[in-house]
Amino acid sequence: MQYIFLSHDVDWRRQGPSIEHILSRKDRFDVKLFEKTKPEDLYRNIPEYMELEEKFGIRSTFFFRTFYENGDVLDYEDDIKQLHESNWEIGLHTDPTSVDNLEKIQKEKEKLESITGKQIIGNRVHYLNYNSGLPEKLTKLGFSYDSSLRYSKDRIDDKEMGYSRINGVIEFPVTLMDAYLFTYMKIQEDKIISEFQKTLDLGRSLAENNVISVLWHDNVLKMKGGRMYKQILEFLTSQDDVEIKRGADLVKIFS
Ligand SMILES: [Zn+2]
């Protein structure tokens with residue numbers, strides 16, 4: 001089986017970036033869509049992701065930060081509760097300034113847990129700011145898995161998929177990420193599905209049971225490139241040997 005670990009990082013505060021930020025990136029959007037969408041809705045797509053994934057009968061993991069520039073994770077309280085109650089997984093999107101400090105990670109974890117009322121077992125560091133001391137800290141804090149590791153930015157090889165056990169946590173390297181595909185790998189929108197196909201074929205050649213971790217940021221769904229998400233789900237769900245999972249499900253499978 002080729003397992004897809006499907007996840008979304010929620011990088012921006014709920015009301016989105018400043019108008020200046022959005023205007024300077026106007027060309028990332030279709031003109032008509034840009035004009036008819038309220039600025040605060042251009043980067044926020046949690047309801048759209050839920051609707052799409054529900055349609056395909058799948059669930060994913062959303063990683064939330066607890067620090068937002070000019071915002072607060074509590075602004076997302078209703079979204080987090082709704083996701084959690086409808087069986088999406090909530091993971092911690094740890095701040096890069098917390099990774100070297102056990103107490104800081106603990107505080108972030110507890111803040112998020114106070115919203116869901118359930119233990120958080122998954123972690124991903126914002127900007128994939130992984131370091132070798134992180135797994136041990138995560139284990140001490142009761143996390144089961146991490147997905148912050150990525151070796152290169154411009155290619156996908158056998159190191160960027162699968163899973164490994166590192167100091168007590170299962171590590172799922174990020175295999176396919178929106179930003180790397182469009183910037184470092186320069187994949188055009190109409191080549192995205194073939195890139196997924198290529199990655200799946202590599203996975204099939206490596207292991208009978210393999211994990212491909214897909215990171216599609218919350219803010220990209222309406223953008224060029226990011227808007228291919230529905231086609232990606234169509235493609236993945238059409239493959240007989242592919243199952244789409246949350247991180248928490250994979251931990252159960254591989255423990
Ligand atoms: Zn992030």
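The questions below concern how residues and contacts in this predicted model come to be labelled as they are.

Q: What makes Asp-11, His-93 and His-126 donors of the zinc ion?
A: Asp-11 through OD, His-93 through NE2 and His-126 through ND1 coordinate the zinc ion at 2.1 Å. A donor is an N, O or S atom within 2.8 Å of the metal, so these atoms qualify at 2.1 Å. Along the chain the donors follow the spacing D-x81-H-x32-H.

Q: Why is the pair Asp-11 and His-93 said to tie together parts apart in sequence?
A: Asp-11 sits in the loop between strand S1 (2-10) and helix H1 (19-23), while His-93 belongs to strand S5 (residues 89-94), so the pair links parts that are 82 residues apart in sequence.

Q: Why are Asp-11 and His-93 called buried?
A: Buried means under 20% relative accessible area. Asp-11 has 15% relative accessibility and therefore counts as buried. His-93, at 1%, is buried by the same rule.

Q: What makes Arg-246 buried, and where is Arg-246 found?
A: Arg-246 is in the loop between strand S12 (242-245) and helix H11 (247-254). Its relative accessibility is 13%, under the 20% limit, so the label is buried.

Q: Why is the pairing of the side chains of Arg-246 and Asp-249 called a polar contact?
A: The two side chains are joined at 2.9 Å. A polar contact requires a pair of N or O atoms within 3.5 Å, one able to donate a hydrogen and the other to accept it, so 2.9 Å satisfies the distance limit. Beyond four places in sequence, Arg-246 also touches Phe-5, Arg-59, Ser-60, Thr-61, Asn-87, Trp-88 and Glu-89.

Q: How do you know that Thr-61 is buried?
A: Thr-61 lies in strand S2 (residues 61-64). With 0% relative accessibility, Thr-61 is under 20% and therefore buried. Residues that Thr-61 touches, leaving out those up to four places away in sequence, include Phe-5, Tyr-145, Arg-246 and Gly-247. The side chains of Thr-61 and Glu-89 share a polar contact of 2.7 Å.

Q: What is noted about phi of Asn-70 and of Asn-87?
A: Phi of Asn-70 is near 55°, a positive value in a residue other than glycine. Asn-87 is likewise not a glycine and has a positive phi of about 80°. Asn-70 is in the loop between strand S3 (67-68) and strand S4 (71-72), and Asn-87 is in the loop between helix H5 (77-85) and S5.

Q: Why is Asn-70 called exposed and Asn-87 partly exposed?
A: Exposed means over 50%, and partly exposed covers the range between that and the buried limit of 20%. Asn-70 has 69% relative accessibility, so Asn-70 is exposed. Asn-87 has a relative accessible area of 47%, which places Asn-87 in the partly exposed range.

Q: How do helix H9 and helix H10 pack, and what makes the contact?
A: Helix H9 (residues 192-206) and helix H10 (residues 229-237) pack at an angle of about 35°, with axes 10 Å apart. Their crossing is right-handed. H9 contributes Ile-192, Ile-193, Phe-196, Gln-197 and Leu-200, and H10 contributes Gln-231, Ile-232, Phe-235 and Leu-236. By class, there are 7 nonpolar, 2 polar and no charged residues in this contact.

Q: Why does Ile-193 count as partly exposed?
A: Ile-193 is in helix H9. Its relative accessibility is 22%, between 20% and 50%, so Ile-193 is partly exposed. Outside its neighbours within four places in sequence, Ile-193 is in contact with Met-228, Gln-231, Ile-232 and Phe-235. C-alpha to C-alpha, Ile-193 and Phe-235 are 7.3 Å apart, and they are 42 residues apart in sequence.

Q: Why are Met-50 and Met-185 called buried?
A: Met-50, in helix H4 (residues 46-55), has a relative accessible area of 10%, so Met-50 falls under the 20% limit. Met-185, in the loop between helix H8 (178-182) and H9, has 16% and is therefore also buried. Beyond four places in sequence, Met-50 is in contact with Gln-82, Leu-83, Ser-86 and Trp-88, while Met-185 touches residues including Lys-153, Tyr-180 and Glu-195.

Terms used:
Residues are numbered from 1 along each chain as its sequence is written. This is a predicted model: local features need pLDDT of at least 70, side-chain atom pairs count only at pLDDT 80 or more; totals for chains, interfaces and linings use all residues. Side-chain values use heavy atoms; hydrogens and water are left out. Donors are N, O and S atoms within 2.8 Å of the metal (3.2 Å for Na, K and Ca); water is not among the atoms, so sites may look incomplete. Helices (H or I, at least four residues) and strands (E, at least two) are DSSP runs, numbered from the N terminus. Buried means under 20% relative accessible area, exposed over 50%, partly exposed in between (1.4 Å probe, protein chains only). Axes are lines fitted to C-alpha atoms, for helices over the stretch in contact, and angles run from 0 to 180 degrees between N-to-C directions. A crossing is left-handed if the near helix is turned anticlockwise from the far one by less than a right angle, and right-handed if clockwise. Contact means heavy atoms within 4.5 Å. Ala, Val, Leu, Ile, Met, Phe, Trp, Tyr, Cys and Pro count as nonpolar, Asp, Glu, Lys and Arg as charged, and the others, Gly among them, as polar.
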